[in-house]
Amino acid sequence: MDEKKEEGQAEVFKVADEGEALKIPPELPLLLMEDMVIYPHTLVPLIIKDPRLAAAVDDALAHERIAGAVMLKDKEKGEFQQTGSAVLIHRMLKIPDGTMRMVTQGLAKIRITKVIQDSPFPKAEIEVLEERSEQNERVEALMRAVMGQYQKMISLVPYIPDELQAAAMNIEDPIRLVYFIATFIKMKPEDKQEILDLESAEEKLKKISSILQREVELLELGTKIQSEVQDKMTKGQREYVLREQLKAIKKELGEEDEIQVEVKEFREKMEAAKLPDHAMKEAERELSRLEKIPTASPEYGVIRTYLEWLIELPWSRETTDNMSLDRARQVLDEDHYDLEKVKERILEYLAVRKLKEDMKGPILCFVGPPGVGKTSLGQSIAKAMERKFVRMSLGGMRDEAEIRGHRRTYIGALPGSIIQSIRRAESRNPVFMLDEIDKVGTDFRGDPSSALLEVLDPEQNAAFRDHYLDLSFDLSKVFFITTANILETIHPALRDRMEILILPGYTGHEKLAIAQKYLIPKQMEKHGLEKGDVSFTEEGITKIVSSYTREAGVRNLEREIARVYRKVAFKKSRGEKTGDTVTPDALREYLGPERHFPEVARRTSRPGVATGLAWTEAGGDILFVEATKMPGRKELSLTGQLGGVMQESAKAALSYVRTKAGELGIEKDFFEKYDLHVHVPAGAIPKDGPSAGITIACALASELTGRPVRNDVAMTGEITLSGLVLPVGGIKEKILAAKAAGITKVILPARNRGDIEEIEEELKKGLEFLFVESADEVFALALTDSAGKNKASARRAKGSA
């Protein structure tokens, strides 16, 4: 070790075997090590998990790649030793879980003179301590004694390679020899630190010699104990031979062996299970292996479990479908209100199945907001067809092995969830529901969506191969149903394999019918009440729908009805009089004050606010877009957690409004003097998509012209720079939201006229649909003026559904 000390300058240190001079800075980030000391001139691999240590490593890598390594004295108090080593970080690898793996080389012994930083990582001023190795007869004698002890220790430890002995013999410097040996032997943390703290080579050699002597004595004792254990193992082998002889004696006496009894049982079960040829061949092969393995072997249990899975799977068992179309229709109508398209698709499948028995099972995907009955519809389909029903939730699944299983080479391996569910169903043709397919994740363990490609492909699933079974299993007769809230997050290839059936939200009229026919009788029975205890008027149910819930489905509606029944049950259990009628006026007593109010008129009463229509995972919703102006320099601010697409829509809307400034009566130099701010309330909720384009343009035009937007109008549509209005999706859900909010006129892109034609007349009642092709028509229809010109424009531009 060469050092050059000059005041105010870094220490110069030559790294062993590299030949280039490294400067040790006077200030170093500190690596606080637990029960570990890194010595100068040694290479040590490290694994860093502590974020503070990781930050110190990052700081070192950003500068000279040198850090100070010192051992902790008290982890609780954060106290550490004053002496340590300057270490050079040679290699560093970051693992995805945040762990750092690296190789470090000790450079020189250092002393901490002053701690200058504690957060985010410790940093200190250091002093490099020069260690000189004296050469005399005592030191040489100690070195020979230490080498002898080290060689003896290596001979007693088989896992230490002989190369370490050769490497130690080539070290002539006594201090380096001590550090080399101390790195590879076990000792107490305080002994490790003491070796570093000692100053002279003689003292270090004496310390390492005493530690080596104790280690050799322990190893010799361990060898003696191991020899005694080996004698006992020989005794165990004799017992095994005797057991084998006992088996032969039992055979001569005509008594059956326990393994043979189990093999016989397995063979009988295999015949009864009617395994296909390829499965029977594999079962016979594993059974022959089982006969040759002793019951105490771990492999015996693995093979036994595998054979049990093969036998219990329904290779040939299936239920007989009920092909009565009338009965299927009756069951579906009893369990679910409306959903005509879905019911029609199920009846079509049964009709074709009736004509062609070997038809493969369909793969349907029910897409809709929460609470519309996707999962319960799958149960009704199984009930209508008289098939077994199994459900598997995919929400949050990230491991491909959960679909395909683990190979038998892993300890505790089992088949994947698909095969496990088929076994629970005890039928090879169940109705199999894969819930929440849009919430499948992916990480380093694989992509479950890719594994599902084979399961949900009618051309491939006849030979589905689970990793555990390693045999093809026929899934072609399974009726697969998947559910999702949104389509965008489903893998495109997976989406292509499924038949998409949209389950939109319910209208107020439909919710009223569902409450009367399904929810009220269900909750009455659930709470142990009778018809005379409480009754609901139609107006009361409608009030719950409009003022106490705001959803596409009926889950919250059912919860509110359950709240009413709980209060009635409480009164009845106390002996109080019941028999109340739930009217709109009585709801406050049961459910408290109203939670939702019509706010369109109040929000759009001033210029700069427009009402848009949005589609979310939970169904349709109304969206208020607010715009305001202020003195400034041509800046556009966008707030409300807007996504990238929505921000681009806002910029396109502003550009179009600027091109139409003259026609709209806006000052020509307006944009030179003012800033604009567009905000979409409910700022905690992320929003994205292009369908708010015309709403943003309308809000901007309203603010700049001083003309409020009509409070009975809502709109949706994408805007282009040239002012064209492009079609958007989720029309039915948006119409439901508009109707629930009291909107009477809806502005839609002209190319969405076909979507309106498919909506039921009941839903369209009381709504006027105005179809537009350009943003100019939107301004004419939505912006108010004193002359009433917009009314005439509306009559020219509108198109009723």
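This report walks through some strands, helices and single residues of the structure above, which is a predicted model.

## A five-stranded sheet

Let us begin with a sheet. Strands in a sheet are held to one another by backbone hydrogen bonds, and the pairing can be parallel or antiparallel. Here, five strands form an open sheet in the order β11-β12-β15-β10-β16, and their pairing is parallel. At the edges lie β11 (389–393) and β16 (499–502), each of which pairs on one side only. From one strand to the next, the twist averages 20 degrees.

Now look at β10, which covers residues 363–367. How many of the five residues of β10 are buried? The count is five of five, so this strand is mostly covered, with buried meaning under 20% relative accessible area. The side chains of β10 take two directions: Ile-363, Cys-365 and Val-367 point one way, while Leu-364 and Phe-366 point the other way. Residues on both sides are buried. For Cys-365, the relative accessible area is 0%, which is why this residue counts as buried.

Strand β10 has a partner on each side. Five bridges link β10 to β15, and the two run parallel; in this pairing, Val-367 sits opposite Ala-484 of β15. Another four bridges link β10 to β16, again in parallel, and here Leu-364 has Glu-499 as its bridge partner. Elsewhere in the sheet, β12 and β15 also run parallel, joined by four bridges. One pair to find on your screen is Phe-432 with its bridge partner Phe-480 in β15.

## Strands β3 and β19

Two more strands are worth a visit. Strand β3 spans residues 27–33, and six of its seven residues are buried. Which strand pairs with β3 in the antiparallel sense? That partner is β9 (residues 123–129), and the pairing runs over three bridges. Within it, Leu-28 stands opposite Ala-124. Strand β3 also runs parallel to β5 (residues 66–74), with four bridges between them; Leu-30 and Gly-68 are bridge partners there.

Further along the chain comes β19 (residues 609–616). Six of its eight residues are buried, so the rest of the structure largely encloses this strand. Strand β19 pairs with β20 (residues 619–631) in the antiparallel sense over eight bridges, and Ala-614 faces Asp-621 of β20.

The table below gathers pairings from these sections.

| Strand pair | Sense | Bridges |
|---|---|---|
| β10 and β15 | parallel | five bridges |
| β10 and β16 | parallel | four bridges |
| β12 and β15 | parallel | four bridges |
| β3 and β9 | antiparallel | three bridges |
| β3 and β5 | parallel | four bridges |
| β19 and β20 | antiparallel | eight bridges |

## Helix α15 and its surroundings

Next, meet a helix. Helix α15 runs over residues 448–455, and seven of its eight residues are buried. The buried ones are Pro-448, Ser-449, Ala-451, Leu-452, Leu-453, Glu-454 and Val-455. What covers them? Helices α13 (401–404), α14 (417–425) and α16 (492–496) are among the elements that do so. Strands β12 (431–435), β13 (464–465) and β15 (479–484) also take part. At the N-terminal end of α15, Asp-447 acts as a cap: one of its side-chain oxygens is 3.0 Å from the backbone nitrogen of Ser-449.

Arg-404, a residue of helix α13, shows one meeting point in detail. Two of its contacts are Ala-451 and Glu-454, both of which are buried residues of α15. Other contacts of Arg-404 include Gly-416, Phe-464, Arg-465, Asp-466, His-467 and Tyr-468. Is Arg-404 buried or exposed? Arg-404 counts as buried because its relative accessibility is 14%, and the cut-off for buried is under 20%.

## Ala-384 and the cysteines

Ala-384 belongs to helix α12 (residues 374–385). With a relative accessibility of 1%, Ala-384 counts as buried. Residues from elsewhere in the sequence touch Ala-384, namely Asn-322, Arg-327, Ala-328 and Val-331. Ala-384 and Gln-330 stand 54 residues apart in sequence, and their C-alpha atoms are 8.3 Å apart in space.

Finally, how many disulfides does the structure hold? The number is zero. Cys-698, like Cys-365, is buried at 0% relative accessibility.

Technical notes: Residues are numbered from 1 along each chain as its sequence is written. This is a predicted model: local features need pLDDT of at least 70, side-chain atom pairs count only at pLDDT 80 or more; totals for chains, interfaces and linings use all residues. Side-chain values use heavy atoms; hydrogens and water are left out. Buried means under 20% relative accessible area, exposed over 50%, partly exposed in between (1.4 Å probe, protein chains only). Contact means heavy atoms within 4.5 Å. A polar contact is a pair of N or O atoms within 3.5 Å; within protein, one must be able to donate a hydrogen and the other to accept it, and residues adjacent in sequence count only if both atoms are side-chain atoms. A disulfide is a pair of cysteine sulfur atoms within 2.5 Å. Two strands pair if DSSP finds at least two bridges between them. Axes are lines fitted to C-alpha atoms, for helices over the stretch in contact, and angles run from 0 to 180 degrees between N-to-C directions. Lists of a residue's contacts leave out its neighbours within four places in sequence.
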